Amino acid sequence: MALLYLPMKKPPVPERSALPSLAIRCTATMAAFGALSLGSAHLAADMLVSPGPGQGGEPVALLGRPLEDDRAVLVALGELAFKSKEVLGVEFSCDDCHPDGGTTSTIFFTGLSDKPGNIDTTNRALTMVEDGRFNPKNIPSLRGAAHTEPFGHRGNFETLRPFTLFAVTGEFNGPTPTDLILDALVAYQEEVAFPDNPALDARGRLTDAASDAAVRGQTLFAKPFSDNPALSCATCHPPDANFTDGAVHDIGSGDVFDAPSLRDVVASPPYFHDGRHDTLADVVDHFDRQYGLGLASSDKDDLVAYLEAIGGGTAPPPVPRPDVNGRRFPANIEPLLAMAIAGKDHSLGDLIVEQAVRELDIWRTAADAPDGIAAWKTALRRIEPLMATGKWAAADEAVRSDLNFVR
Ligand code: HEC
Ligand code: HEC
C-alpha cells in the first residue's frame, strides 16, 4: 500500500481571530450533539445548530472496509478529512453542511442564516472574504460533483480542487491544507454519486417506473417557451447531461448563476442560490412568471411531478460499504497513520487520531460495539504526543506494537 506522498512544508497556522459573540438558538438536537459543546475555544461552535435527525452524515465508513489500492486509501483519507473538524480549524466540518456529501435543509447558524439550509459564507465571522452584506447562500448538494462543474453558485471555479482549496482557506479561513489532504478531499467528493434513481435511464429519460403526471411533465420540460422558442427548461437542464448545461444564466434571480443539476433536487430545498423558494412549485411559478409560460395549474403539477421524479431516488453511501464487519474498522487507521509518520506530517497524524477517536466514540454507542474500544483510544492517544514532538521512530514503533487491531 504505497501511496506516493511528498510532505509539503506547511506555513504556520495562524490563530483564528476571536469571533463575534452571537446569540444561541439551541435545540434538542444540538444538546444531543455533544461534540458541539458550548463554551469551547471557538465561538463558531455556538453558532451552529446541528442537522436534524436523518440529515446528519454517517460516521466514516472507510475504516470498515478493505483498502485495496492507492485510490481507495486516498478516498478513505478524504472521507476522514471531510468529516473531521481539524480541516477547517473550527468546531464543524464539511460534513456538517454537506452530510455524506449531500446537503441539509435544517442546519442553521445564528447570525449567519436567514433560513435553515442557508448560510452567509461572506461574513467576517467565518471568512476572509467579507462583503459587508447579509446575503446567505443555499448549501448545494455535492452528489454527482464529478459531473456538475463548474462550482460555486456563480460558476467561478472550473474544477473541484480549486473550489475545495477556496472553501477551506477562503470561505472558512482555515489552515492551508497540504496537497495530500486537498487531493484526498477531492477524491472523496468525486466518489459521492448521484442518488440511485429507478425512474431515470442512463440518458436521463423517464423509465416505466415514473408516474403519468411525471411523463406529461417530461414533455412540458422539453417544450419550447412560446415567447422564446430557442429556450426550454431542457436547454439549461439537459436530461442527457445530468440536467445541467454547465453554464451561467440570468433567469431573473438577481444576477447570472450556474444552472444546477436537478438530480438531487428533492433533497435540496430551499431552492436558487439564496434559497428564496421553499418548494419546487414555487420554482415552477418563478419560471412561469419570468418567461410568460402561461402554464395551467395542471401543467404546473405535472412539472413538479417530473422534477420530483428526476430529482429523487435513494442516495447511495458516498463510498461503498461492502464489509460492514465493524471489527475491521480500526485496522485501516494503521496504514493512514503510517502515511502520516512516513511523511513526518504531524497535522495529518493529528487529524487521523482525532477523527478516529470520534469514530470510536460513536461506535462505542452501537449495539454491536466490540470490546477494546477504550484500549484502542488509549493507544491512539499515546501516539499523538510522539508525533507532536517529532519522535517519529517511536510513533512508528507504537503504531506497529499498540495498534494491532485486526489480530
Ligand atoms: C457552513 C456550511 C458549509 C461548510 C462547513 C462547507 N460548505 Fe461547501 N458550500 C456551502 C455553501 C453555502 C456553498 C455555496 C457557496 C457559493 O456558491 O457561494 C457551498 C459550496 C460548495 C461546493 C460547490 C458545489 C457546487 O455544485 O457549486 C463544494 C464543492 C463544496 N461546498 C465543498 C465543501 C468542502 C470540501 C467543505 C469542507 C472543506 C465544505 N464545502 C464546507 C456551505 C458549506
Ligand atoms: C436559461 C436557463 C434556464 C432555463 C430555461 C431554466 N432554468 Fe432552471 N435554473 C437555471 C439557473 C441559472 C438556476 C439557478 C438560479 C439561482 O441560483 O438563482 C436554475 C434553478 C432551477 C431549479 C432549482 C434548483 C436548485 O437546486 O436550487 C429548478 C428546480 C429548476 N431550475 C427547474 C427549471 C424548470 C422546471 C424550468 C422550465 C420551466 C427551468 N428550470 C428553466 C437555469 C435555467
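Where is Asn173 found? Look in the loop between α5 and α6. Keep in mind that this is a predicted model. At Asn173, phi is near 55°, a positive value in a residue that isn't glycine.

From that loop, turn to the two helices on either side. α5 and α6, the latter covering residues 179-191, pack at an angle of about 115°, and their axes are 10 Å apart. The crossing of α5 past α6 is right-handed. On the α5 side, the contact is built from Leu160, Arg161, Thr164, Leu165 and Val168. α6 answers with Asp179, Leu182, Asp183, Leu185, Val186, Gln189 and Glu190. Sort these contact residues by class and you get six nonpolar, two polar and four charged.

α5 also takes us to ligand 1. This ligand is surrounded by 25 residues, and the closest are Cys94, Cys97, His98, Gly152 and His153. The shell splits into 15 nonpolar, eight polar and two charged residues. The largest share of it, five residues, is supplied by α5.

Now for the individual contacts. His98 turns up twice here: a polar atom of its side chain sits 2.9 Å from a nitrogen atom of ligand 1, and its NE2 is the single protein donor to the ligand's iron atom, 2.1 Å away. You'll find His98 in the loop between α4 and β2 (108-109). Gly152 and His153 join in through their backbones. A polar backbone atom of Gly152 is 2.7 Å from an oxygen atom of ligand 1, and a backbone N or O atom of His153 also lies 2.7 Å from an oxygen atom of the ligand. As for secondary structure, the elements that give two or more residues to this shell are α4 (94-97), β4 (137-138) and α5 (160-171).

Ligand 2 has an iron atom as well. Which residue is its only protein donor? That's His237, through NE2, at 2.1 Å. His237 lies in the loop between α8 (233-236) and β5 (248-250).

Finally, have a look at a couple of backbone details. The peptide bond running from Glu149 to Pro150 is cis, with omega near 0°, and Pro150 has its place in the loop between β4 and α5. Another cis peptide bond joins Pro269 and Pro270, this time with omega of about -5°. To find Pro270, go to the loop between β6 (256-258) and α9 (280-290).

Note on methods: Residues numbered from 1 in each chain as written. Chains lettered and ligands numbered in written order. Predicted model: local features only at pLDDT ≥ 70, side-chain atom pairs only at ≥ 80, totals over all residues. Heavy atoms only, no water. Near = heavy atom within 4 Å. Polar contact = N/O pair within 3.5 Å; in protein donor to acceptor, adjacent residues only side chain to side chain. Helix = DSSP H or I, 4+ residues; strand = E, 2+ residues; numbered from the N terminus. Nonpolar A, V, L, I, M, F, W, Y, C, P; charged D, E, K, R; others polar. Donors = N, O, S within 2.8 Å, 3.2 Å for Na, K, Ca; no water. Axes fitted to C-alpha atoms, helices over the stretch in contact; angles between N-to-C directions. Left-handed = near helix turned anticlockwise from the far one by under 90°. Contact = heavy atoms within 4.5 Å.
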